[in-house]
2 protein chains.
Amino acid sequence: MKTESILDQHNLSKTPCRVDIINTLTSVDVALTENQIKKNLKFDYDRATIFRTLKTFSEKGIIHCVPVEGNEVYYAISKPNYKQTLSHAHFHCNSCGGVYCLNSISIAEPQLPEGFSANKYELTINGCCKKCNE
Amino acid sequence: MKTESILDQHNLSKTPCRVDIINTLTSVDVALTENQIKKNLKFDYDRATIFRTLKTFSEKGIIHCVPVEGNEVYYAISKPNYKQTLSHAHFHCNSCGGVYCLNSISIAEPQLPEGFSANKYELTINGCCKKCNE
DNA sequence: GTTAAAATACAACAATGTTGCAAATATAAT
DNA sequence: ATTATATTTGCAACATTGTTGTATTTTAAC
Ligand SMILES: [Mn+2]
Ligand SMILES: [Mn+2]
Ligand SMILES: [Zn+2]
Ligand SMILES: [Zn+2]
């Protein structure tokens with residue numbers, strides 16, 4: 001989907017920082033940390049601006065974040081078709097650190113202990129990605 | 001297992017901070033954030049000391065950390081029987097924020113995209129815990 | 001173009017992660 | 001028990017990240 005229509009859909013004004021961030025996240029097919037995003041942007045923006053933009057995008061569901069080991073937070077664009085706000089799997093490469101959304105994988109829902117109820121499953125798979133396996 | 005023998009097993013000297021932290025994490029049956037751990041300790045220790053102790057314990061496999069949404073890191077004691085360094089499931093309660101280790105659950109290993117190989121699966125289940133469901 | 005609402009840069013501050021180093025303490029050797 | 005050595009701790013300092021107020025700039029609607 002075009003960047004502009006994504007913003008339109010969520011009643012967000014079209015500003016340089018927002019456009020730049022969405023363009024960046026859609027052009028790469030992986031999840032990026034805030035710093036990785038920064039490096040990929042065409043222009044420089046204040047840290048606070050990027051922070052608030054990512055926050056807005058998260059709240060609107062335009063992006064989703066992937067918590068991985070090492071206290072690093074990765075952000076990925078959400079493909080509306082896949083309902084990424086719900087159950088969702090990610091792959092984390094131990095070699096290059098890349099984080100991939102695995103949109104095609106469905107998560108098996110395990111039996112929970114008595115009294116527990118679930119509404120969302122998040123699976124993180126650690127291993128070696130395609131590039132690093134070659 | 002007794003706190004002292006845990007430290008012994010890993011060639012770690014028996015110091016107040018280490019004993020206090022292990023006692024805390026074994027007495028509760030849930031995962032705790034660094035601040036929650038601090039509140040439960042019998043004595044006060046410097047931030048750096050707690051930081052280094054948690055780091056040491058993580059490296060030794062005495063504890064493992066659970067990354068959850070909101071950039072918070074939870075720490076839980078590792079039960080040696082369950083090989084918690086490998087695939088492992090956790091439950092995160094949306095209501096009380098509690099994080100539980102689900103040692104009895106085995107994770108179904110999904111088919112990965114061509115070229116990807118996995119060595120560890122981490123499943124985080126969000127929902128409502130037993131206490132909050134009552 | 002004018003105007004109101006919203007986004008941005010800047011600054012400030014809070015929280016967390018991290019390290020060097022001297023003093024205190026734990027263990028091992030005597 | 002005393003001493004010696006290795007380790008741990010507290011303190012300080014600094015880095016990184018998270019967060020918010022506010023004046024200025026920019027957007028979108030009229
Ligand atoms: Mn994803
Ligand atoms: Mn666990
Ligand atoms: Zn890789
Ligand atoms: Zn609960």
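The legends below describe close-up views of a predicted model that holds protein chains, DNA strands and metal ions.

**View 1. Overall fold of chain A in the predicted model.**
Chain A is built from five helices and six strands, which follow one another along the sequence in the pattern α-α-β-α-α-β-β-β-β-β-α. Taken along the principal axes, the C-alpha atoms of chain A fill a box of roughly 50 × 40 × 25 Å. Of the 134 residues in chain A, 46% are buried. Among the contacts in chain A with a separation of 6 or more, 49% join residues 24 or more positions apart.

**View 2. The protein surface near DNA strand C.**
DNA strand C is surrounded by 21 residues, and the closest of them are Thr15(A), Arg18(A), Thr49(A) and Arg52(A) from one chain and Lys14(B) from the other. At least two residues of this surface are supplied by each of α2 and α4 of chain A and α3 (34-40) and α4 of chain B, and the largest share, five residues, comes from α4(B). Sorted by class, the surface near DNA strand C consists of nine charged, seven polar and five nonpolar residues. Where the strand comes within 4 Å of the protein, 61% of its atoms belong to sugar or phosphate, and the rest belong to bases.

**View 3. Polar contacts from chain A to DNA strand C.**
Two of the contacts shown here involve phosphate oxygens of DNA strand C: one such oxygen lies 2.3 Å from a polar side-chain atom of Arg18(A), and a phosphate oxygen is also found 2.6 Å from an N or O atom in the side chain of Thr49(A). Arg52(A), by contrast, addresses a base, with an N or O atom of its side chain 2.8 Å from a base nitrogen of DNA strand C.

**View 4. The protein surface near DNA strand D.**
Around DNA strand D there are 20 residues, of which Lys14(A), Arg52(A), Thr15(B), Arg18(B) and Arg52(B) are the closest. The elements that each supply at least two residues of this surface are α3 (34-40) and α4 (47-60) of chain A, together with α2 (16-27) and α4 (47-60) of chain B; the largest share, five residues, comes from α4(A). The surface near DNA strand D has eight charged residues, alongside six polar and six nonpolar ones. Sugar or phosphate accounts for 57% of the atoms of DNA strand D within 4 Å of the protein, and bases account for the rest.

**View 5. Polar contacts to DNA strand D from both chains.**
From chain B, a polar side-chain atom of Thr15(B) lies 2.6 Å from a phosphate oxygen of DNA strand D. From chain A, the side chain of Glu34(A) places an N or O atom 3.5 Å from a phosphate oxygen of DNA strand D, whereas the side chain of Arg47(A) has an N or O atom 2.8 Å from a base oxygen of the strand.

**View 6. The manganese ion (ligand 1) and its donors in chain A.**
Four protein atoms coordinate the manganese ion (ligand 1) at 2.0 to 2.3 Å, namely NE2 of His64(A), NE2 of His88(A), NE2 of His90(A) and SG of Cys101(A). Along the sequence, these donor residues have the spacing H-x23-H-x1-H-x10-C. Because His64(A) lies in strand β2 (residues 63-67) and His88(A) in strand β4 (residues 88-93) of chain A, the pair ties together parts that are 24 residues apart in sequence. Both histidines are buried, with a relative accessible area of 9% for His64(A) and 5% for His88(A).

**View 7. The zinc ion (ligand 4) and its donors in chain B.**
The zinc ion (ligand 4) has as its protein donors the SG atoms of Cys93(B), Cys96(B), Cys129(B) and Cys132(B), which lie 2.2 to 2.4 Å from it. The arrangement is tetrahedral because the four donor atoms subtend angles of 104 to 117° around the zinc ion. For comparison, the ideal angle for four tetrahedral donors at a metal is 109.5 degrees. In sequence, the donor residues of the zinc ion are spaced C-x2-C-x32-C-x2-C. Cys93(B), in strand β4 (residues 88-93), and Cys129(B), in the loop between β6 (117-128) and α5 (130-133), are 36 residues apart and link distant parts of chain B. Both Cys93(B) and Cys129(B) are buried.

**View 8. The surroundings of Val30(A).**
Val30(A) is located in the loop between α2 (16-27) and β1 (32-33) of chain A. Beyond residues up to four places away in sequence, Val30(A) touches Tyr75(A), Val99(A) and Tyr100(A). Its C-alpha atom is separated by 9.9 Å from that of Leu102(A), which is 72 residues away along the chain.

Note on methods
Residues are numbered from 1 along each chain as its sequence is written. Chains are lettered from A and ligands numbered from 1 in the order in which they are written. This is a predicted model: local features need pLDDT of at least 70, side-chain atom pairs count only at pLDDT 80 or more; totals for chains, interfaces and linings use all residues. Side-chain values use heavy atoms; hydrogens and water are left out. A residue is near a molecule or strand if one of its heavy atoms lies within 4 Å of it. A polar contact is a pair of N or O atoms within 3.5 Å; within protein, one must be able to donate a hydrogen and the other to accept it, and residues adjacent in sequence count only if both atoms are side-chain atoms. Helices (H or I, at least four residues) and strands (E, at least two) are DSSP runs, numbered from the N terminus. Ala, Val, Leu, Ile, Met, Phe, Trp, Tyr, Cys and Pro count as nonpolar, Asp, Glu, Lys and Arg as charged, and the others, Gly among them, as polar. Contact means heavy atoms within 4.5 Å. Donors are N, O and S atoms within 2.8 Å of the metal (3.2 Å for Na, K and Ca); water is not among the atoms, so sites may look incomplete. Four donors count as tetrahedral if all angles lie between 85 and 135 degrees; four count as square planar and six as octahedral if opposite donors are over 155 degrees apart and all others between 65 and 115; anything else is irregular. Buried means under 20% relative accessible area, exposed over 50%, partly exposed in between (1.4 Å probe, protein chains only).
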